[in-house]
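Work through these exercises with the structure open beside you. Try each task before you read its solution.

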Amino acid sequence: MGLKTITSSLSKNDLAHLGAGEVGYIRKMRSEEVSRCFPEAPEIGPGIDLWALFAADGTPILLTDNRSSTFFKAAEDDLRTVSLH
């Protein structure tokens, strides 16, 4: 019995919107990285560990020094969260 190959293709646009409004990811970051992801954030001294919540497409939602705050914000926005290492 042979296996059938299932081929499904997603456009770049489809892939970019996968999980939109449903999934968010939480990432630990250093203060030196903040300006890249949150350009409007005030300058933060070096060497500080922070937590960020992003939408599935990478849009920044929240930056905080408290990991729990990211989960509260995600719940408030009805997002399922995943953590990135």
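The exercises below go from the whole chain to single residues.

This is a predicted model, in which local features need pLDDT of at least 70 and side-chain atom pairs count only at pLDDT 80 or more, while totals for chains, interfaces and linings use all residues. Residues are numbered from 1 along each chain as its sequence is written, and side-chain values use heavy atoms, with hydrogens and water left out.

**Exercise 1. The overall layout**

Task: State how many helices and strands the protein chain has, and give their pattern along the sequence.

Solution:
- Step 1. Fix the terms: helices (H or I, at least four residues) and strands (E, at least two) are DSSP runs, numbered from the N terminus.
- Step 2. Count them: the protein chain has 3 helices and 4 strands.
- Step 3. Read along the sequence: the pattern is α-β-α-β-β-α-β.

**Exercise 2. Confidence**

Task: Find which element has the lowest mean pLDDT and which has the highest.

Solution:
- Step 1. Recall that pLDDT is the predictor's confidence in each residue, from 0 to 100.
- Step 2. Take the chain as a whole: the average pLDDT is 83, and 73% of the residues score at least 70.
- Step 3. Go element by element: helix α1 (residues 12–16) has the lowest mean, 59, and β3 has the highest, 95.

**Exercise 3. A hairpin**

Task: Describe how strands β2 and β3 pair.

Solution:
- Step 1. Apply the rule that two strands pair if DSSP finds at least two bridges between them.
- Step 2. Check the pair: β2 (residues 49–55) and β3 (residues 60–64) are antiparallel, with 4 bridges.
- Step 3. Look at the turn: 4 residues lie between the strands, and Gly58 there has a positive phi near 95°.
- Step 4. Find one facing pair: Ala52 stands opposite Leu63 in β3.

**Exercise 4. Ala52**

Task: Decide whether Ala52 is buried or exposed, and list what Ala52 is in contact with.

Solution:
- Step 1. Set the cut-offs: buried means under 20% relative accessible area, exposed over 50%, and partly exposed in between (1.4 Å probe, protein chains only).
- Step 2. Place the residue: Ala52 lies in strand β2.
- Step 3. Apply the cut-offs: Ala52 has 0% relative accessibility, so Ala52 counts as buried.
- Step 4. List the contacts (heavy atoms within 4.5 Å). Leaving aside neighbours within four places in sequence, Ala52 touches Tyr25, Ile26, Arg27, Met29, Phe38, Leu62, Leu63 and Thr70.
- Step 5. Take one partner: the C-alpha atoms of Ala52 and Met29 are 7.1 Å apart, with the two residues 23 apart along the chain.

**Exercise 5. Aromatic pairs**

Task: Find how many aromatic pairs the whole structure holds.

Solution:
- Step 1. Use the rule: rings of Phe, Tyr and Trp (its six-membered ring) pair if their centres lie within 6.5 Å; planes under 30 degrees apart count as stacked, over 60 as edge-to-face and the rest as tilted.
- Step 2. Search: there are 2 aromatic pairs.
- Step 3. Take Tyr25 and Phe54: their centres are 5.1 Å apart and their planes 20° apart, a stacked pair. Tyr25 lies in strand β1 (residues 23–30) and Phe54 in strand β2, so the pair ties together parts 29 residues apart in sequence.
- Step 4. Check burial: Tyr25 counts as buried at 19% relative accessibility, and Phe54 is buried at 3%.
- Step 5. Take Phe38 and Phe54: the ring centres are 5.7 Å apart and the planes are at 45°, so this pair is tilted.
- Step 6. Join the pairs: Tyr25, Phe38 and Phe54 are linked into a cluster.

**Exercise 6. Helix α3 and its ends**

Task: Say which residue caps the N-terminal end of helix α3, and which residue with a positive phi follows α3.

Solution:
- Step 1. Start at the N-terminal end: Asn66 caps α3 (residues 67–76), with a side-chain oxygen 2.9 Å from the backbone nitrogen of Ser68. The limit for a polar contact is a pair of N or O atoms within 3.5 Å; within protein, one must be able to donate a hydrogen and the other to accept it, and residues adjacent in sequence count only if both atoms are side-chain atoms.
- Step 2. Look inside: Thr70 is found in α3, and Thr70 is buried at 0% relative accessible area.
- Step 3. Move past the helix: Asp78 follows α3 with a positive phi near 60°. Asp78 sits in the loop between α3 and β4 (80–84) and counts as exposed at 65% relative accessibility.
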